[in-house]
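Here is a short tour for anyone who likes to know a fold before going to the bench. Please have the model open as you read.

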Amino acid sequence: MPELPEVETVKRGLAPAMEGARVARLELRRQDLRFPFPEALADRVSGRTIVGLGRRAKYLLVDLDDGNTLVSHLGMSGSFRIEEGAASAMPGQFHHARTKDEKHDHVVFHLEGQGGPRRVVYNDPRRFGFMDMVRRADLAAHPFFRDLGPEPTGNDLGAAYLAERFRDKAQPLKSALLDQKNVAGLGNIYVCEALWRSHLSPIRAAGTLVTPGGKPKEKLGLLVASIRDVIADAIAAGGSSLRDHIQTDGSLGYFQHSFSVYDREGQACGTPGCGGTVARIVQAGRSTFYCAACQK
């Protein structure tokens, strides 16, 4: 499933084509994805102007000029692509850098604006993605968002905050980081990478990074910095492109080639002077990759 850096990459790729554009028509080629589309979604979006694109955790947010926000989740195989050309052209006649099977093109934004007409197409072979419409003013209270913790790249995530969340917790550190109530948007891949960078074991109790008085230990500050760095590096690299993920221009991300531990079971640890080997264990049904020699 695409993680936060992938969704951020999609948002940044779509923004030049969508922000400020008018939706001449929203075309829905089926009645549902993972869930049914909201009632009259096509009519509610058609004719509206897109005033901005945003992201919260792994959700893409399309803000409209009437105060509504179209919320999109990519699921396991969802992707967007931008097609330049007249909206009257037949499917397949639009130029895009990477062709995907058009029978899985389920949602099409027919856009008008500076630079001429274009289409933004949502393709999802497995249909695990979904879209919903929420009043912008109600986003924070919506069930998708109301229990989410701070963004891993935002100012609200700090060592003191995590110390408050982790105090006296016997929960494994990796599981605590994957809990979206603690940190929003962190996924399996980048938690593994951040823990390796901070030399922390995924199986140690989260509470061991907090003093008896509730203060963060030095290692917790290092963990926060590692989380920020690994997310920033992944976004800069264009996201991971595991399995079906593609960027909006059709090109693949490549950060997976820079992974230090994820999916590297049996390979040498990259920490200088470590000499250890990357191991794989299963935690709560998810694969965890780490080096027991240097992650304590």
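Four strands make an open sheet in the order 1-6-7-5, and their pairing is antiparallel. Strand 1 (22–28) and strand 5 (79–84) are the edge strands; each has a single partner strand, so one side of each has no neighbour in the sheet. This is a predicted model, in which local features need pLDDT of at least 70 and side-chain atom pairs count only at pLDDT 80 or more, while totals for chains, interfaces and linings use all residues. Residues are numbered from 1 along each chain as its sequence is written, and side-chain values use heavy atoms, leaving out hydrogens and water.

**The four-stranded sheet**
- Helices (H or I, at least four residues) and strands (E, at least two) are DSSP runs, numbered from the N terminus, and two strands pair if DSSP finds at least two bridges between them.
- On average, neighbouring strands of this sheet are turned by 20 degrees against each other, direction ignored.
- Strand 6 (residues 105–112) and strand 7 (residues 118–123) run antiparallel and are joined by six bridges.
- Asp105 has Asn123 in strand 7 as its bridge partner.
- Helix 1 lies across strand 5, strand 6 and strand 7, at about 30 degrees to strand 5; axes are lines fitted to C-alpha atoms (for helices over the stretch in contact), with angles from 0 to 180 degrees between N-to-C directions.

**Helix 6**
- The 19 residues of helix 6 (residues 218–236) should span 27 Å at 1.5 Å a residue, and the end C-alpha atoms are 27 Å apart, which agrees; the expected span is 1.5 Å times one less than the number of residues.
- Buried residues of helix 6 include Leu220, Leu223, Val224, Ile227, Val230, Ile231 and Ile235; buried means under 20% relative accessible area, exposed over 50%, and partly exposed in between (1.4 Å probe, protein chains only).
- The buried residues cover an arc of only 160 degrees around the axis, which puts them on the same side of helix 6; the arc is that of the directions from the helix axis to the C-beta atoms.
- Exposed Glu218 and Ala236 sit on the face turned away from that buried side.
- Among the elements covering the buried residues of helix 6 are helix 1 (4–18), helix 3 (159–166), helix 4 (173–178) and helix 5 (188–197), where contact means heavy atoms within 4.5 Å.
- Gly238, just after helix 6, has a positive phi of about 95 degrees.

**Helix 5**
- Nine of the ten residues of helix 5 are buried, so the rest of the structure largely encloses this helix.
- Its buried residues pack against helix 1, helix 4, helix 6 and strand 10 (286–291).
- His199 follows helix 5 and has a positive phi, near 60 degrees.

**The hairpin of strands 9 and 10**
- Six bridges pair strand 9 (residues 278–283) with strand 10 in the antiparallel sense, and Arg280 has Phe289 in strand 10 as its bridge partner.
- These two strands form a hairpin with two residues between them, and Ala284 in the turn has a positive phi of about 50 degrees.
- Five of the six residues of strand 10 are buried, so strand 10 is largely enclosed by the rest of the structure.

**Cysteines**
- The count of disulfides is zero, with a disulfide taken as a pair of cysteine sulfur atoms within 2.5 Å.
- The sulfur of Cys269 has its closest cysteine sulfur in Cys294, 3.7 Å away, which is too far for a bond.
- Cys291 is in no disulfide either, as the nearest cysteine sulfur, that of Cys274, is 3.6 Å away.
- Cys269 counts as buried at 10% relative accessibility, and Cys291 counts as buried at 0%.
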